[in-house]
Amino acid sequence: MEFGIFLNGYIPGPAAHDRASEHLMLQRELELAIKADKHNWKYVWFGEHHALTEYSHMSAPEVAMGYVAAKTERIHLGTGINSLSPRKEHPVRFAERAAMLDHITEGRFEWGTGRGAGSHEVASFNIMDTNSTKAEWDEVSREIVRMWEQYDYSFHGEHFTVPTPHNILPKPYGHSHPPIWMACGNPGSFAKAGSLGIGAIAFNFEPIFNLKGRIEAYKEAAENPVEILGDYQNNNVMMTNAVICLNDRKRAREIAISKGRGYLVTMVNLYHDTMPKSADAVTWPEPPFDLSQGGDEFLDFVIESGLMLVGTPEEVCEQIEAYQAVGTDQLVFGINDGMSHEENLEMIELFGEKVIPEFDKTSEHSTSVYRRNAQGPKYPPFNGPVNPDLVHTVLPENAILGLDGK
């Protein structure tokens, strides 16, 4: 199993309206990603949300990724997620930015996609029907790979067009293209991702064993994909949750039941109206469920159910085994709910050094292995006769032009 962190630009309460607080929060989140790179974490996912005041200020994740890429060496950076409606922006821009990030990171970019988190958010772009984005994702996701691979790309679709041949640049870095992922909520979407040969991004607000059927639906479909969306299969289920892992067991448990913890979930229930609500279904402005009322016994039940990982590294290792048992490939944590910045930094180092090595025994990312083993481009470089205005010649892989043009 591999591990990552999830950054969302989370800033609750009055601070969400203060620019200095907003700036401090963004700088601290980027610091967490840079810290994770030094302590065995393999992935950092950047949310993309729009106009969600107390929930997420991470509206331009690609900008944040460029900064983090320059300060890291090993960790992969993923969009969690790019919503692909052409009414939001033209699909050529998705292809361009993803390929550019692939170059900037030298192959460490992961392209997470979806159709949008909820109705309030997509309404920022005059999209008033969330169901309409399903067909848009189906069309756009397939065409991005063609843009990455063809030198005379054109398309006349239902939702967007590129009317005359254009060479969409840059092409992805090195061999093949970035790993492709899709946000999943219900069993049907898990099966769809598996049938397309792409990774599943899932957000867990249920007891862990409730997820077994969803993961099995993905894995069953992944055994015999209907089609591979890209050049290779990315057979991966990523699951998010919360973790509080500290040397001080008492402090970890205090944080878990601290007043106001769970506020983030109330906004997830409010804004993410295209996916199931959490088990308690508490929706903002209702106050979050008060875990402290149940005492240690109820907290133990929550931990045993896999709704939260809490305790020392040894305890957290035991709790992670449940995720392994249901087939999770990558476990990712949102880590800004209820902890101080110093505690988050401590936890990233502690978890990275004491927990991750117990489960992740290889240095190479699974997605890098899948990409390296890609058989070659899915699409031919040209649809028709070579247009010299688009490209003079197709250079062999690894060819480099010097300043003298040779």
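A trainee and a mentor talk through this predicted model.

Trainee: What radius of gyration does the protein chain have, against the value for a compact globule?

Mentor: Start from the length, 406 residues. A compact globule with that many would have a radius of gyration near 22 Å. The protein chain agrees with that, at 21 Å.

Trainee: How much of the protein chain counts as buried?
Mentor: Look at the build first: 14 helices and 12 strands. The C-alpha atoms fill a box of roughly 70 × 45 × 45 Å along the principal axes. Buried means under 20% relative accessible area. Of the 406 residues, the share that counts as buried is 53%.

Trainee: What share of the contacts with a separation of 6 or more comes from residues 24 or more positions apart?
Mentor: Count the contacts in the protein chain with a separation of 6 or more. Then keep those between residues 24 or more positions apart. They account for 75%.

Trainee: What do the end C-alpha atoms of helix α7 say about its span?
Mentor: Helix α7 runs over residues 212-223, which makes 12 residues. At 1.5 Å a residue, α7 should span 16 Å. The distance between its end C-alpha atoms agrees: 16 Å.

Trainee: Where do the buried residues of α7 fall, seen down the axis?
Mentor: The buried residues are Arg214, Ile215, Ala217, Tyr218, Ala221 and Ala222. They fall within an arc of 155°, so they line one face of the helix. On the other side, Glu220 and Glu223 are exposed. The arc of the buried residues is 155°.

Trainee: Which elements do the buried residues of α7 pack against?
Mentor: One partner is a helix, α6 (187-195). The others are strands β9 (199-203) and β10 (237-245). So the full list, from the contacts of these residues, is α6, β9 and β10.

Trainee: How far apart in sequence are the parts that Phe3 and Phe359 tie together?
Mentor: The structure holds 12 aromatic pairs. Phe3 and Phe359 form one that is edge-to-face, 6.1 Å centre to centre with 65° between the planes. Both residues are buried. Phe3 lies in strand β1 and Phe359 in helix α13, so the parts tied together are apart in sequence by 356 residues.

Trainee: Which residues do ring pairs link into a cluster with Phe3?
Mentor: Phe359 is one, and it pairs with Phe3 directly. Ring pairs bring in others as well. Besides Phe3, the cluster holds Trp41, Phe333, Phe351 and Phe359.

Key:
Residues numbered from 1 in each chain as written. Predicted model: local features only at pLDDT ≥ 70, side-chain atom pairs only at ≥ 80, totals over all residues. Heavy atoms only, no water. Helix = DSSP H or I, 4+ residues; strand = E, 2+ residues; numbered from the N terminus. Expected span 1.5 Å × (residues − 1). Buried < 20%, exposed > 50% of the residue type's maximum accessible area, 1.4 Å probe, protein only. Arc of directions from axis to C-beta. Contact = heavy atoms within 4.5 Å. Rg over C-alpha atoms; globule rule 2.2 N^0.38 Å. Phe/Tyr/Trp six-rings, centres within 6.5 Å; stacked < 30°, edge-to-face > 60°.
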